[in-house]
Amino acid sequence: MTVIPLRSSVPARLLITGVALADGTTTDIFVDHEVFADPADAPDDVERIDGTGLVALPGLVDPHVHLREPGREDAETIRTGTAAAARGGFTAVQAMANTTPVTDTADVAREVAGIAAEQGACEVVVCGAITKGLAGEQLAELGLIHRATGTQCFSDDGMCVADPQVMRRAFEYVRAFDGVLAQHAQDPRLAGPDACCHEGEVSGKLGLGGWPVAAETTIVARDVELAALTGARYHVCHVSARETLDVIRAAKARGVRITAEATPHHLLLTTDLLTGYDTTFKVNPPLRTAEHVEALRQAVADGTVDMIATDHAPHAPQDKDHAFVDARPGMVGLEQSLAVVVDTLLTPGLLDWEGVADRMSYAPAKLLGLAGQGRPVAPGEPANLCLVDPSARRTVDPADTASLSRNNPYAGRDLPDPVRLTVCRGHVTYRR
Ligand SMILES: NC(=O)N[C@@H](CC(=O)O)C(=O)O
Ligand SMILES: [Zn+2]
Ligand SMILES: [Zn+2]
């Protein structure tokens, strides 16, 4: 296993023979440095990979990860987080703004982009904060950040922009460059600092503060009206509840410019896992019940949920080793994302490989305005590739990771082990 930052490797030449594309057709693929080229032009001495039984997906794109740099390099760095991304088949990720300092100025955005260019094992999109310090009061340097790093997406993720007037002003501001606001939908009055468990039977039994569905749904419903009012783009982070899906469905039917993401953990795991008070399972929004999980799967299948996002949230042990209510919320996810999608959506027949390519590459690349990502695997296109072995499986070991953190909710589970090879702009960033 090797994961190599883009900067310290050279683009490869590789011929993958007899491989299936997402649409089911079988072909040869020639990675000719930064681009895919006509396999007929591959030289005889080029490295060959037998692609029989494998599937060539476009490089995966994750619109929501926490890389923790600057500020919490003990939990993750841009180097280690993007290495985990490469192991997960990703060729681009968006790094959220809740770092220390917060990415609320062009200077911080430039710093993050600079480190990513030096040390990243995939492309890194810098998400800007909506408000200064994520405090929800004054707008961050939205326009300056956009001009400095090309950022189109802004989010106070980790915090909800609760004030509707602030949200409206931010929508009006980003509309000027067709930007998008990604909301962490959690009404801080309905789900405050003590809310740490889906409000229901389990929260009552365990004596944990309830995090009601309504805290998510009401914020999304409000934001839909503000997006409609301003004509700006709106994105719902980590949607978790059936009722919120109904709001998103209705908004789409009205023509509101809305997209939504779901996380692998909300597609697989349920609130019952909190019974042992293991803080690995503490996350925002919380794990919910099986009915919500099922509704979420259906919504990814029917397109109500446009894309998968890991919300990869690495935490150091000292931030998790606390009473449940005091532990930091969040779990890692980059290395098991495709595995969970295969088990929860592909295998049950809710998505085919083309659907997986859409929800994990095309749609997130479009959200972020990434021209070179989310493109088909075809001659002339940028060589971004995730080569998949659909039949491999393994038991998840949290220590077997490129991440610095071990807060892995899939520990000990038997899951698919699909990623064989990741190629980012012709660089082999991961090979198993
Ligand atoms: N999801 C989480 O529970 N935690 C995230 C923040 C967030 O995505 O809200 C984190 O930064 O740790
Ligand atoms: Zn969030
Ligand atoms: Zn997040």
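Here are some friendly notes on this predicted model, point by point.

1. Let's begin with ligand 1. Its surroundings are made up of His66, Asn98, Asp157, Gly158, His184, Val283, Asn284, Asp311, Ala313, Pro329 and Gly330. By character, this shell holds three nonpolar, six polar and two charged residues. Keep Asp157 and His184 in mind from that list, since both names return below.

2. Next, what does UniProt list as a "binding site"? One annotation in the unreviewed entry covers His64, His66, Asp157 and Asp311. Although these residues span 248 residues in sequence, no two of their C-alpha atoms are more than 9.8 Å apart, so they gather at one spot. Another "binding site" annotation, again from the unreviewed UniProt entry, lists Asp157, His184 and His238. These are spread over 82 residues of sequence, but they cluster in space, with a largest C-alpha distance of 10.0 Å.

3. Where does histidine 64 sit? You will find histidine 64 in strand E7, residues 60-65. Histidine 64 counts as buried because it has 28 C-beta neighbours inside 10 Å, and the cut-off for that word is 20 or more. Leaving out residues up to four places away in sequence, histidine 64 touches Gln94, Met96, Cys237, Glu261, Ala309, Thr310 and Asp311.

4. Aspartate 157 belongs to the loop between strand E10 (153-155) and helix H4 (164-175). With 25 C-beta neighbours inside 10 Å, aspartate 157 is buried. Its contacts, not counting residues up to four places away in sequence, are Met96, Ala97, Asn98, Ala182, His184 and Cys237.

5. Now for two histidines in loops. Histidine 184 is placed between strand E11 (180-183) and strand E12 (195-198), and it counts as buried, with 24 C-beta neighbours inside 10 Å. Among the residues it touches are Asp156, Asp157, Gly158 and Cys237. Histidine 238 lies in the loop between E14 and H7, and is buried with 24 other C-beta atoms within 10 Å. Beyond its neighbours within four places in sequence, histidine 238 is in contact with Glu261, Thr263, His266, Pro285, Ala309 and Asp311.

6. Helix H7 invites a small calculation. At 1.5 Å a residue, its 13 residues (242-254) should span 18 Å, and the end C-alpha atoms are 19 Å apart, which agrees. Which residues of H7 are buried? They are Thr244, Leu245, Val247, Ile248 and Ala251. Seen down the helix axis, these buried residues fall within an arc of 160°, so they line one face of H7. Their cover includes helix H6 (213-230), strand E14 (233-236), strand E15 (258-262) and helix H9 (290-302). Just after H7 comes glycine 255, with a positive phi of about 90°.

7. Helix H1 (residues 78-87) is mostly covered, with 10 of its 10 residues buried. The buried residues include Arg79 and Arg87 as well as Ala83, Ala84, Ala85 and Ala86. Glycine 89 follows H1 and has a positive phi, near 95°.

8. Is aspartate 397 buried or exposed? Aspartate 397 counts as exposed, with 12 C-beta neighbours inside 10 Å. It is found in the loop between strand E18 (393-395) and strand E19 (414-416). The C-alpha atoms of aspartate 397 and tyrosine 410 are separated by 8.2 Å, and these residues are 13 apart along the chain.

9. Finally, the unreviewed UniProt entry places "domain: Dihydroorotase catalytic" at residues 55-243. Over that stretch the chain is 37% helix and 20% strand, and the end C-alpha atoms are 35 Å apart.

Conventions. Residues are numbered from 1 along each chain as its sequence is written. Chains are lettered from A and ligands numbered from 1 in the order in which they are written. This is a predicted model: local features need pLDDT of at least 70, side-chain atom pairs count only at pLDDT 80 or more; totals for chains, interfaces and linings use all residues. A residue is near a molecule or strand if its C-beta atom, placed from the backbone, lies within 6 Å of it. Ala, Val, Leu, Ile, Met, Phe, Trp, Tyr, Cys and Pro count as nonpolar, Asp, Glu, Lys and Arg as charged, and the others, Gly among them, as polar. Helices (H or I, at least four residues) and strands (E, at least two) are DSSP runs, numbered from the N terminus. The expected span of a helix is 1.5 Å times one less than its number of residues. The arc is that of the directions from the helix axis to the C-beta atoms. Two residues are in contact if their C-beta atoms, placed from the backbone, lie within 7 Å. UniProt positions are given in the numbering used here, feature names are shortened, and annotations may be inferred rather than shown by experiment.
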